[in-house]
Amino acid sequence: MKTQSSATAPSSIAVTSAAATSSRTAGRGRPGLGGTLQAALGVVAFSLTFPATAWGLEGFGPWTLVAVRSILAALIAGGCLLALRVAVPARRYWAGLAVVAAGVVVGFPLLTTLALQTSTTAHAAVVVGLLPLTTALFSALRVGSRPSRTFWAAALAGAGAVVAFTVQQSGGALTGADLYLFGALLVCAAGYTEGGRLARVMPGWQVIGWALVLCLPLSVPAAVLALAHEPAHLTAHSVAGLLWVAAGSQFLGLVVWYRGMAAIGIPKASQLQLAQPLLTLVWSVLLLGEHLTVAAPLTAAAVLVCIAVTQRARG
């Protein structure tokens, strides 16, 4: 499929069989390995989002940080779309792109940034711990995927382990930020599911690229208003955090993530995110100076077992 025509291919969006999905990676090593690797790279990129956001909040207000990161990511994506002369997607795809934009470009970044004003990165990781299961549920409702009972049992066990660990890390106390976090969980799962569907008919980087461009009429005036009320104080940390959430989390991470979901399926790709909270906690130690308990390696081992089971489970 050529890049110029991939966004306007006449085929409808549909969930392909496991055999058809595997055939896409035939000739490039073990079937599905490339998709798994791309989804895993997306998880690594996402695991840095909360620590980078915490850095960004050192110099930017929450509304400014979200609006500016969206603009910067849209400039990167728009530049790539223009350079490669990618055709505008057909009208029938714009509703799905709007869902992606609302979920992963606006909703999740805004709600988690607001939450991180009063919540630690460890507590916010609860969202990421529940996201794989929520994404699998959205996938079952939206695209009709039917994972096996073994898949669901492993997914629930992994989510339970992550939630127990992250709640224990935060002292078990609920805060006012929880409403933001649970709202972010729902909108992000919807955006991931819709993005995974669209990535079956157009390259994943085009999915997030057009979603970012779609938000420009909203993000530009939002940035102007936010900067007027939230003066920026540039520091090394705040600039580095802003650049990462814009280029790494908002664009490059989503590019490989959607490609991975298209290759191995939404439910299986979503379960790789069970490792994300633990990676986030590692980055929090290295970048923010937070401390972990001895429960971390035990939880990591349990999560890795659950991931292995979900990747082998048949629908």
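Let's start with Ile208: setting aside neighbours within four places in sequence, Ile208 is in contact with Val104, Val105, Gln250, Phe251, Leu254, Val255 and Tyr258. The model you are looking at is predicted, and Ile208 is a handy way into its interior, being one of the residues with the most contacts inside the largest nonpolar core.

**The nonpolar cores**
- The largest nonpolar core holds 68 residues, and Val104, Tyr192, Trp257 and Tyr258 are, with Ile208, the ones that have the most contacts inside it.
- Helix H11, spanning residues 236–264, gives this core its largest share, nine residues.
- A second core, separate from that one, has seven residues, including Leu65, Ala67, Val68 and Ala223.
- As background, nonpolar side chains tend to be buried together in soluble globular proteins.

**The overall fold**
- You will find 14 helices and zero strands here, so the elements read α-α-α-α-α-α-α-α-α-α-α-α-α-α from the N terminus on.
- Among contacts in the protein with a separation of 6 or more, 92% join residues 24 or more positions apart.

**Burial and surface**
- The protein has 315 residues, and 53% of them count as buried.
- About 13,500 Å² of the protein is exposed, with carbon and sulfur atoms supplying 71% of that area.

**A loop residue to look at**
- Arg85 lies in the loop between helix H5 (62–83) and helix H6 (94–115).
- Although Arg85 is not a glycine, its phi is positive, near 55°.
- Is Arg85 buried or exposed? Arg85 counts as exposed because its relative accessible area is 71%, and the cut-off for exposed is over 50%.

Key: Residues are numbered from 1 along each chain as its sequence is written. This is a predicted model: local features need pLDDT of at least 70, side-chain atom pairs count only at pLDDT 80 or more; totals for chains, interfaces and linings use all residues. Side-chain values use heavy atoms; hydrogens and water are left out. A nonpolar core is a set of buried Ala, Val, Leu, Ile, Met, Phe, Trp, Tyr and Cys residues joined through side-chain atoms within 4.5 Å. Buried means under 20% relative accessible area, exposed over 50%, partly exposed in between (1.4 Å probe, protein chains only). Helices (H or I, at least four residues) and strands (E, at least two) are DSSP runs, numbered from the N terminus. Contact means heavy atoms within 4.5 Å. Accessible areas come from the Shrake-Rupley method with a 1.4 Å probe; for residues, only the protein chains shown count as cover.
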